[in-house]
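Dear colleague,

I am passing on the structure we spoke of, and below it I set out what was found. Please read the notes with the model open beside them.

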Amino acid sequence: MIKNDPYGDLSDKDFKQISDYIYDNYGILLYPKKKLLVKSRLQKRIKKLNLNTYSEYCKYLLNNEDESVEMIDRISTNKTDFFREVSHFHYLREEILKGYFQDINTNGLKIWSAACSSGQEPYSLAMMLEDISNTKKFNFEIMASDISISMLKTAKTAIYPFALINQIPDNYIRKYLLKSKDNSKAQFRIAPEIMSKTKFFFHNLLADKVKYPYNFDVIFCRNTLIYFDRETQAKVISKLLNKLNNNGLLFLGHSESLINMNLNLEVVYPSVYKKNYK
Ligand SMILES: C[S@@+](CC[C@H](N)C(=O)[O-])C[C@H]1O[C@@H](n2cnc3c(N)ncnc32)[C@H](O)[C@@H]1O
């Protein structure tokens, strides 16, 4: 329990209003046991807004459209790593090298990292693709999106704590990372040629339209569906499939599955689905 909470209690009614708002706008399910977490994550925001209680914040949220992104930025869970669930990267690399994407040399490869958090996933993809595109000679472009404005800001800055470097293969460290010039800062930076292949934008997976007019060859949407109920998962998957080329590949997190969703998809690898429309 948060001792001496300056903003008092978060009543069940206010918690329900906040959690309904989050569910309706972003699809994320917040069970009542998350009440303490919601309280602690909103405290700094309430202070910044000079409000006195959670109840006042709740009213503020419901009456100020712009507060939506500020609130979800504090509530969303953004855990990520470089080369997380690494077998997916190995699988994609091998398929590209074997010639899975037939027109890659003329059309290039378009990838969407659809819930990219602070950028580790799209930069991992960019490093891997840059590495193989030198021999296989193809262009690629990675679009990466999220609903967290602070995570997108970190992603665009492309500077990470040095402690994360051991998640990245040695040959990529040598080729695609720059150590901070300031030795007092234990940080590294993603090299400009990798950054230039990766574009970030705000996108809510529940939104009807995606900013980019073209379809993708590969979509990563990993470790995000777990925050949604089955109905929202089905909606999100259908929107993602609308943006995936036929024979394109959809990557989900290892603990996520599309069982019983009745989709025209072929499982080609654990948590990897091929869009298979005749
Ligand atoms: C646990 S992280 C996963 C990051 C990365 N895909 C990975 O597997 O490491 C989940 C991300 O999904 C984002 N997210 C949650 N709901 C979303 C929504 N409705 N639209 C877009 N992104 C969402 C969160 O902001 C968070 O950054």
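For the description of the ligand shell, Ala, Val, Leu, Ile, Met, Phe, Trp, Tyr, Cys and Pro are counted as nonpolar, Asp, Glu, Lys and Arg as charged, and the others, Gly among them, as polar. On that basis, the residues of the shell around the ligand in this predicted model comprise seven nonpolar, nine polar and five charged ones.

There are 21 residues around the ligand, and those that come nearest are Thr80, Arg84, Ala115, Asp146 and Asn223. As for polar contacts, an N or O atom in the side chain of aspartate 146 is 2.6 Å from an oxygen atom of the ligand, a polar side-chain atom of asparagine 78 lies 3.0 Å from a ligand oxygen atom, and for an N or O atom in the side chain of threonine 224 the distance to an oxygen atom of the ligand is 3.3 Å. The protein buries 99% of the 600 Å² that the ligand exposes when taken alone, and the space that the ligand takes is the largest pocket.

Turning to the domains, the assignment for the chain gives domain 1 as 12-75 and domain 2 as 87-275. Their centres, taken over C-alpha atoms, are separated by 29 Å, while eleven residues of domain 1 are in contact with 13 residues of domain 2.

With best wishes

Terms used:
Residues are numbered from 1 along each chain as its sequence is written. This is a predicted model: local features need pLDDT of at least 70, side-chain atom pairs count only at pLDDT 80 or more; totals for chains, interfaces and linings use all residues. Side-chain values use heavy atoms; hydrogens and water are left out. A residue is near a molecule or strand if one of its heavy atoms lies within 4 Å of it. A polar contact is a pair of N or O atoms within 3.5 Å; within protein, one must be able to donate a hydrogen and the other to accept it, and residues adjacent in sequence count only if both atoms are side-chain atoms. Accessible areas come from the Shrake-Rupley method with a 1.4 Å probe; for residues, only the protein chains shown count as cover. On a 1 Å grid over the protein atoms alone, a cavity is a set of points where a 1.4 Å probe fits but cannot get out, and a pocket is an open set with protein on both sides within 12 Å along at least five of seven lines; lining residues have an atom within 4 Å of a point. A molecule sits in a cavity or pocket if more than half of its atoms lie within 2 Å of its grid points. Domain bounds come from an automatic or database domain assignment. Contact means heavy atoms within 4.5 Å.
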